[in-house]
Amino acid sequence: MNDIATQGLADKLRTSFEAGKFVKDGRVIAERMLAEQLDVGRRALRKALDQLEAEGMIWRRQGQGTFVGTPPTPRLRKLEGLATKTSPFEIMEVRQEIEPSMARFAALRASQGDIDAMRSMVEHAASATTQGEYEKWDAAFHQKLAESVRNTLFLAVFEAVNAVRREAAWARLRESSHSDRLINDLSAQHREIVDAIEQRDPKRAEDAMHRHLVQVEQALKQI
């Protein structure tokens, strides 16, 4: 594949990853499946992925796969084992401290491209027909919002918390808390957050995110 073709494939992958396509819980689907869905060869795909990795959009960990975003630091990787030592409500305490602040900064810093991608993810989540599909787009939305803040430390802390939330037991717990009615409510809250960010209203974005996380916590308490 020549440089022009590689660039074209890299651009297509970049757009797809930003919209949450081919990504689940921050991890890109298996390379073989990705090549099949894009109808390209594995060698061509690797060259395009190499380019995105050089740009800092993705990172790889041997034996675990390819991930979108910033790689966790060695210290933060140690937090991934906390799922067996913490509780959903400890996680929600942390989320309620950091994510409203991130929403406030996103209203000041997010690009229009970031906002368009977030809005697309919100609508994909709202129209999801399965719990797993909703979870995928919900995670992509919160990840994109965190990235739009453009603060390395904020993003590292967010991804450390997400590493705990990705544990299988946590996934089952989240899915059992999500009724159709709740998903409709959460989707409306997602839209309110994005609207506030697009209107460059930091206080409204912060308050909307806080209300959203409070409802998520209340849903967990009802399990």
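# Helix packing and salt bridges in a predicted model

Trainee: In which helix is Arg191 found?

Mentor: In this predicted model, the residue can be placed by its secondary structure, and Arg191 is found in helix α10.

Trainee: Is Arg191 buried, partly exposed or exposed?

Mentor: The class depends on relative accessible area, where buried means under 20% and exposed means over 50%. Arg191 has a relative accessibility of 31%, which lies between those limits, so Arg191 counts as partly exposed.

Trainee: Which residues is Arg191 in contact with, leaving aside its neighbours within four places in sequence?

Mentor: Arg191 and Met118 are 73 residues apart in sequence, yet their C-alpha atoms are 9.2 Å apart in space. Once the neighbours within four places are set aside, the residues in contact with Arg191 are Val122, Glu123 and Ala126.

Trainee: Which side chain meets that of Glu123 in a salt bridge?

Mentor: Glu123 lies in helix α6 and its partner lies in helix α10, 68 residues apart, and the pair links distant parts of the chain. Glu123 is itself partly exposed, at 34% relative accessibility. The N to O distance of the salt bridge is 2.8 Å, and the partner of Glu123 is Arg191.

Trainee: Which residue of helix α10 is joined to Arg211 of helix α11?

Mentor: The two side chains meet in a salt bridge with an N to O distance of 2.6 Å. Arg211 is partly exposed, with a relative accessible area of 42%, and its partner is also partly exposed, at 25%. The pair links parts of the chain that are 19 residues apart, and the residue in helix α10 is Glu192.

Trainee: Why does the salt bridge of Glu31 and Arg46 tie together separate parts of the chain, and how many residues apart are they?

Mentor: The side chains of Glu31 and Arg46 meet at 2.8 Å, N to O, with Glu31 partly exposed at a relative accessible area of 24% and Arg46 partly exposed at 38%. Glu31 lies in helix α2, residues 31–38, whereas Arg46 lies in helix α3, residues 42–55, so the parts that this pair ties together are separated in sequence by 15 residues.

Trainee: Which residue is linked with Glu31 and Arg46 in a network of salt bridges?

Mentor: The structure holds 15 salt bridges, and the one between Glu31 and Arg46 belongs to a network. The further residue linked in that network is Arg42.

Trainee: How many residues does the largest nonpolar core have?

Mentor: In soluble globular proteins, nonpolar side chains tend to be buried together. Those with the most contacts inside the largest core here are Met102, Met118, Phe141, Leu145, Ile193 and Ile197. Helices α5, α6, α7, α8, α10 and α11 each supply at least two of its residues. The number of residues in this core is 36.

Trainee: How many residues are in the other core, which lies apart from the largest one?

Mentor: Among the members of this other core are Leu13, Val23, Val28 and Ala48. The number of its residues is 17.

Trainee: Which residues does Phe141 touch, not counting residues up to four places away in sequence?

Mentor: Phe141 is one of the residues with the most contacts inside the largest core. Beyond the excluded neighbours, the residues that Phe141 touches are Met118, Met121, Val122, His190, Ile193 and Val194.

Trainee: How many of the residues of α7 are buried?

Mentor: Helix α7 has 18 residues and reaches 26 Å from its first C-alpha to its last, close to the 26 Å expected at 1.5 Å a residue. Just after this helix, Arg150 takes a positive phi of about 60°. Helix α7 is mostly covered, and the number of its 18 residues that are buried is 13.

Trainee: Which residue in the hairpin of β3 and β4 takes a positive phi?

Mentor: Strand β3, residues 58–61, and strand β4, residues 65–68, pair in the antiparallel sense over 4 bridges, and Trp59 has Phe67 in β4 as its bridge partner. The hairpin has 3 residues between the strands, and the residue with a positive phi, near 85°, is Gly63.

Trainee: What percentage of the residues in the protein is buried?

Mentor: The protein has 11 helices and 4 strands, and its accessible surface comes to about 11500 Å², of which 50% belongs to carbon and sulfur atoms. Of the 223 residues in the protein, the buried share is 46%.

Terms used. Residues numbered from 1 in each chain as written. Predicted model: local features only at pLDDT ≥ 70, side-chain atom pairs only at ≥ 80, totals over all residues. Heavy atoms only, no water. Core = buried A, V, L, I, M, F, W, Y, C linked by side-chain atoms within 4.5 Å. Buried < 20%, exposed > 50% of the residue type's maximum accessible area, 1.4 Å probe, protein only. Contact = heavy atoms within 4.5 Å. Expected span 1.5 Å × (residues − 1). Salt bridge = Lys/Arg side-chain N within 4 Å of Asp/Glu carboxyl O. Pairing = 2+ DSSP bridges. Areas by Shrake-Rupley, 256 points an atom, 1.4 Å probe, with all protein chains shown as cover.
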